[in-house]
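This report describes the fold and selected local features of one protein chain. The sequence and the coordinates are shown first.

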Amino acid sequence: MSMTDPVSDLLVRIKNAAKAKHKAVDVPAAKLKNEIARLLSELRFIKRSSVIQIDGKPVLRIWLRYNKNDESIISGLERISKPGLRVYASSDDLFKLQQEVGTMIISTSRGVMTDQQALKANIGGELVCRVW
């Protein structure tokens with residue numbers, strides 16, 4: 001069975017693993033998922049991520065971060081743009097959206113970046129997800 005929305009699958013797996021207090025979570029590897037994990041690591045929402053081989057298939061392993069009270073650093077993850085309804089924003093729209101809670105991850109013509117990076121570069125793109 002093929003997956004219709006791999007990014008949503010990634011976000012749900014991270015949320016579920018954080019609720020269950022797992023140290024790490026494995027998801028099938030893909031370029032966009034790797035870039036999202038890289039940004040989450042840069043933003044310090046996760047410890048790190050790496051691509052490993054399991055049964056000859058690439059798998060993205062993500063190590064989760066918790067605070068001193070064993071609560072996940074990630075309070076929430078929200079998918080914004082979906083396969084049935086793509087959501088795009090210009091740099092002007094990003095400035096207005098920046099007032100909302102969390103950090104948005106955006107797929108632009110210059111690669112995957114945060115809303116802050118896109119505003120600095122003065123470019124817009126597809127709003128992939130929001131994390132807080």
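The text below proceeds from the overall architecture to helix 1 and then to individual residues.

## Overall architecture

The model is predicted. Its secondary structure consists of four helices and eight strands, arranged along the sequence in the order α-β-α-β-β-β-β-α-β-β-α-β. The C-alpha trace extends over about 45 × 40 × 25 Å along the principal axes. The radius of gyration is 15 Å, which agrees with the value near 14 Å that a compact globule of 132 residues would have.

Of the 132 residues, 36% count as buried. The accessible surface amounts to about 7800 Å², and carbon and sulfur atoms account for 51% of that area. Contacts between residues at least 6 apart in sequence were also sorted by separation: 59% of them join residues at least 24 apart.

## Helix 1 and its surroundings

Helix 1 comprises 14 residues, from 6 to 19. From its first C-alpha to its last it reaches 20 Å, close to the 20 Å expected at 1.5 Å a residue. Its buried residues are V7, D9, L10, L11, I14, A17 and A18.

Which elements cover these buried positions? The cover includes one helix, helix 2 (31-42), together with strand 1 (24-28), strand 3 (57-64), strand 4 (77-79) and strand 8 (125-131). After helix 1 comes K21, which has a positive phi near 60°.

## Residues with positive phi

Most residues other than glycine have a negative phi. Two loop residues that depart from this pattern are D55 and D70: the phi of D55 is near 55°, and that of D70 is about 60°. D55 lies in the loop between strand 2 (46-54) and strand 3, whereas D70 lies in the loop between strand 3 and strand 4. Their accessibility classes are as follows: D55 is exposed, because its relative accessible area is 77%, while D70 counts as partly exposed at 48%.

## Accessibility of selected residues

The table lists three loop or strand residues together with their relative accessibility.

| Residue | Relative accessibility | Class |
|---|---|---|
| Q98 | 22% | partly exposed |
| S90 | 32% | partly exposed |
| V51 | 44% | partly exposed |

Q98 belongs to the loop between helix 3 (91-97) and strand 6 (103-108). Beyond the residues up to four places away in sequence, Q98 touches D115, Q116 and L119. The C-alpha atoms of Q98 and Q116 are 8.2 Å apart, and the two residues are 18 positions apart in sequence.

S90 is located in the loop between strand 5 (88-89) and helix 3. A separation of 23 Å lies between the C-alpha atoms of S90 and R38, which are 52 residues apart along the chain.

V51 is part of strand 2. With neighbours within four places in sequence left aside, V51 makes contact with A29, N34, P58, V59 and L60. The C-alpha atom of V51 is separated by 9.1 Å from that of P28, at a distance of 23 residues along the chain.

## A buried position in strand 6

Is T103, a residue of strand 6, buried or exposed? T103 counts as buried, because its relative accessibility is 18% and the class requires a value under 20%. Apart from neighbours within four places in sequence, the contacts of T103 are with L43, T114, D115, C129, R130 and V131. D115 is thus in contact with T103 and is also touched by Q98.

## Aromatic rings and charge

Two kinds of arrangement involving aromatic rings were examined. A pair of aromatic rings is described by the distance of the centres and the angle of the planes. The count of aromatic pairs in this model is zero, with ring centres required to lie within 6.5 Å. A charge placed over a ring does occur: the charged end of R48 sits over the ring of W63, at 4.1 Å from its centre.

Key
Residues numbered from 1 in each chain as written. Predicted model: local features only at pLDDT ≥ 70, side-chain atom pairs only at ≥ 80, totals over all residues. Heavy atoms only, no water. Phe/Tyr/Trp six-rings, centres within 6.5 Å; stacked < 30°, edge-to-face > 60°. Lys NZ or Arg CZ within 6 Å of the ring centre and 35° of its normal. Helix = DSSP H or I, 4+ residues; strand = E, 2+ residues; numbered from the N terminus. Expected span 1.5 Å × (residues − 1). Buried < 20%, exposed > 50% of the residue type's maximum accessible area, 1.4 Å probe, protein only. Contact = heavy atoms within 4.5 Å. Rg over C-alpha atoms; globule rule 2.2 N^0.38 Å. Areas by Shrake-Rupley, 256 points an atom, 1.4 Å probe, with all protein chains shown as cover.
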